[in-house]
Amino acid sequence: MTSEWGSDAVDLDAYLTRIGQRRRPPSEEALGDLVRAHVQAIPFENVDVVLGQHQGISLDVVSAKLVGRRRGGYCYEQSGLFAAVLEQLGYTVHRLAARVQPRRPGPYTHMTLVVEADGNRFHADVGFGAGILAPMPLVDGQETDQAGWPHRLTERNGWWTLKKGDEDLLDFRLDGMHPIDFEVYHHYTSTHPKSPFTGRLVVMTLEPGVSRKLLGRELTVEKPDGSSETTVIAPDELDATLKDLGIELTPDELERLKTGY
């Protein structure tokens, strides 16, 4: 797996410094700490897609961006980086393709992970729009608190579905994938006019009890009790808003983003 995916391209110590963790032997507890630290340190964002400057999802490029430049990314970047880190730490990782919102059928373009630890398998999706803060045991009917929002995994005929309340978030099978599969998915996701990431800015962060989503000009802050507040972000507020969400752009990037904002 390591040779096919090129996991050694990631500087493990630099990554662990980025998320504030240390090297530990594989375990369920350590995996949980890594997932939580990753999601809270690295925002979900599509700025480079919107700007038309995305450099691809090879691990050297992803590591330079998310670790070196302390930026965020979307699923192929987030989960690809995390999978490489886990493999270097000694975990067995399965990179899988998933369909988001399966009740409204679309392509299987989401990258999700199943990780083995302490003899068990866990769904660990650090790239799902900053929605998952804890690994979920891959057990039919398993319910896990995600930052205050209960999520549940169900299985039927080999298909696993992640649910949030009555909403089906994604489904997947445990079929092995190859790097070229995600290269194709990334091309669609980053260039197709019907992709949800090409037409507007998407930034998401998650911490216990608070979900923040910047979609286009609207910043929505949600809490587990169902309350939410939406604010329209003016162009002159964009820089401060992005920095508050953990994203710092170059002056040129910021100006180009404002142009189409």
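**Salt bridges and burial in a predicted model**

Let me begin with arginine 103, which is exposed, its relative accessible area being 59%. I should say straight away that what we have in front of us is a predicted model, and I will keep that in view as I go through the charged pairs.

The partner of arginine 103 is aspartate 168, and in this salt bridge the closest N and O atoms are 3.3 Å apart. Arginine 103 sits in the loop between strand E2 (92–100) and strand E3 (110–117), whereas aspartate 168 belongs to strand E9 (residues 167–172), so the contact ties together parts of the chain that are 65 residues apart in sequence. The two ends of this pair also fall into opposite classes of accessibility: aspartate 168 has a relative accessible area of 14% and is therefore buried, the cut-off being under 20%, while arginine 103, at 59%, is exposed.

How many salt bridges are there in total? The count comes to 16, and I will take two further examples from among them.

One of these joins the side chains of lysine 65 and aspartate 48, with an N to O distance of 3.5 Å. Lysine 65 is part of helix H5 (residues 59–68) and aspartate 48 is part of helix H4 (residues 47–51), so here the bridge ties together parts that are 17 residues apart in sequence. In this pair lysine 65 and aspartate 48 are both buried. They also belong to a wider arrangement, since Glu45, Asp48, Lys65, Arg71, Glu77 and Glu253 are linked in a network of salt bridges.

The other example lies within a single helix. Aspartate 252 and arginine 256 meet through their side chains in a salt bridge of 3.0 Å, N to O. Both residues are in helix H9 (residues 251–259), where they stand four residues apart, and so they are separated by about one helical turn. As for accessibility, aspartate 252 counts as partly exposed at 48%, and arginine 256 likewise counts as partly exposed, at 34%.

Let me finish by turning from charged pairs to a residue of strand E2, namely valine 93. Is valine 93 buried or exposed? With a relative accessibility of 2%, valine 93 counts as buried. If you would like a sense of distance across the model, valine 93 and alanine 234 are 42 Å apart in space, C-alpha to C-alpha, and 141 residues apart in sequence.

Technical notes. Residues are numbered from 1 along each chain as its sequence is written. This is a predicted model: local features need pLDDT of at least 70, side-chain atom pairs count only at pLDDT 80 or more; totals for chains, interfaces and linings use all residues. Side-chain values use heavy atoms; hydrogens and water are left out. A salt bridge is a side-chain nitrogen of Lys or Arg within 4 Å of a carboxyl oxygen of Asp or Glu. Helices (H or I, at least four residues) and strands (E, at least two) are DSSP runs, numbered from the N terminus. Buried means under 20% relative accessible area, exposed over 50%, partly exposed in between (1.4 Å probe, protein chains only).
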